[in-house]
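Here is a short tour of one protein, written to be read with the model open beside you. Keep the viewer handy and follow the headings as you go.

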Amino acid sequence: MTRFKRSNGWGKTAIITMLLLLPFRLAAQELIIKQFVQANEFIANADRIKDWSDELCSIVKIQGAEIDSVAGSFDVKTRGAELWVYVTRGTRRLTIYKKGFEPLKAEFRDYGFEKGADANRVYRITIIEKLPETETKRSAYFNLGAGFNAVGMMGPTVFIGFEFGRHVVEAGATIGISKATDITIYQTDNATYWGTYDYSAMRFFLCYGYNVEASPSLLITPMIGAAINNISGSEVKRSNAGDLFGKVNTVSASVGCRLSYCIGSTVRIYAMPEFAFGVKKDKSFDVLKEADSKIKSWGEGVGLSAGLMLHF
């Protein structure tokens, strides 16, 4: 008589666990072709390769992901962040491999090249990585940045922001380190001497932007904003009573365009030129900016800042 040994339950548990994990194993990460085009680029003599028929190969330049290998190619070379794949005339398919991802088949005919690759041409393929179905892609992020204003109100800048979809809202401050010194103020109607001041400034701003992806790593963000420019003066000489020019607050609007480059999953470097123009300003500011052009740049004119952003 055949005897069966009673199971202790571990076998069933292992089978159930494998069945539960099966959908996660099937949801492997994918590579996706974002762009496949023929580029109007010249191939330098040093980069040309001939095939077995002594005909010049074409080059398929792949960017956007670190590829392990490519099947269907004549030769493969690495050029900086790009992979140059040499193909012969009539090549119809490339199979692209990366560890941890499903193989990606790039069919020339799917992108309008019915006869496959031509000879001595340049093609460009941009690849992006698709998240597994088990992961959810976030639609909202926080930005935290620090930089330096090199033009206009010179000084360190800090800001915090919120991204939802392509929209960006940020608020921050610029602490001016440059000063305008020995500004002499006269009463305009009779040229009476009022006093001599040293001035410094600080800016508080709020801005809105819209992200445009120029490449997988480069963002172009047109921005508009408004700022309160706090210009503070301290008297160094005085002949009349009253501190009429001690504080001047102006409101300015700005338009700019930020360029930010991703150097990691959470770090970006950025540069932002902008132009500000006065919206609300009092007579004191008009007097001061005539006395010193540096004071005018604290509320109006061209500005330029650069720095680092954390995107999380």
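## Overall make-up

Of the 312 residues in the protein, 36% count as buried, where buried means under 20% relative accessible area, exposed means over 50%, and partly exposed is in between (1.4 Å probe, protein chains only). This is a predicted model, in which local features need pLDDT of at least 70 and side-chain atom pairs count only at pLDDT 80 or more, while totals for chains, interfaces and linings use all residues. Residues are numbered from 1 along each chain as its sequence is written, and side-chain values use heavy atoms, with hydrogens and water left out.

The protein has 3 helices and 18 strands; these are DSSP runs numbered from the N terminus, with helices being H or I of at least four residues and strands being E of at least two. About 18,800 Å² of the protein is exposed, and carbon and sulfur atoms supply 58% of that area, as given by the Shrake-Rupley method with a 1.4 Å probe. Among contacts with a separation of 6 or more, 62% are between residues 24 or more positions apart; a contact here means heavy atoms within 4.5 Å.

## The nonpolar cores

The largest nonpolar core has 22 residues, and Val60, Ile62, Ile67 and Ile127 have the most contacts inside it. Such a core is a set of buried Ala, Val, Leu, Ile, Met, Phe, Trp, Tyr and Cys residues joined through side-chain atoms within 4.5 Å. At least two residues of this core come from each of β1 (30-39), β2 (58-63), β5 (82-87), β6 (93-97), β7 (104-107) and β8 (122-130).

Valine 60 is a good place to zoom in. Leaving out residues up to four places away in sequence, valine 60 touches Leu83, Trp84, Val85, Val87, Leu94, Phe108, Tyr123 and Ile125. Apart from the largest core lies another one, of 14 residues, among them Met153, Ala180, Ile183 and Ala201.

## Two open sheets

One open sheet is formed by 5 strands in the order β1-β8-β2-β5-β4, with mixed pairing; two strands pair if DSSP finds at least two bridges between them. Its edge strands are β1 and β4 (75-79), each of which pairs on one side only. On average, neighbouring strands of this sheet are turned by 25 degrees against each other, direction ignored; the axes are lines fitted to C-alpha atoms (for helices, over the stretch in contact), and angles run from 0 to 180 degrees between N-to-C directions. The antiparallel strands β1 and β8 are joined by 9 bridges, and leucine 31 has glutamate 129 as its bridge partner in β8.

Another open sheet has 3 strands in the order β3-β6-β7, with antiparallel pairing. Because β3 (69-71) and β7 each have a single partner strand, one side of each is left without a neighbour in the sheet. Between the antiparallel strands β6 and β7 there are 4 bridges. Leucine 94 has alanine 106 as its bridge partner in β7.

## Positive phi angles

Most residues other than glycine have a negative phi. Which way do asparagine 120 and aspartate 182 go? Asparagine 120 has a positive phi of about 55 degrees, and aspartate 182 also has a positive phi of about 55 degrees.

Their settings are worth a look. Asparagine 120 sits in the loop between β7 and β8 and is partly exposed, at 31% relative accessible area. Aspartate 182 belongs to strand β12 (residues 180-186) and counts as exposed, at 52% relative accessibility.

## Serine 215 and arginine 268

Serine 215 is found in the loop between β14 (212-213) and β15 (218-238), where serine 215 is partly exposed with a relative accessible area of 26%. A polar atom of its side chain lies 3.1 Å from the backbone nitrogen of leucine 218. Serine 215 and threonine 126 are 89 residues apart in sequence, and their C-alpha atoms are 9.0 Å apart in space.

Arginine 268 lies in strand β17 (residues 267-280) and is buried, with a relative accessible area of 7%. What does its side chain make a polar contact with? The partner is the side chain of histidine 311, at 3.3 Å; a polar contact is a pair of N or O atoms within 3.5 Å, and within protein one must be able to donate a hydrogen and the other to accept it, with residues adjacent in sequence counting only if both atoms are side-chain atoms. Beyond its neighbours within four places in sequence, arginine 268 has contacts including Glu163, Leu219, Tyr261, Cys262 and Met309.
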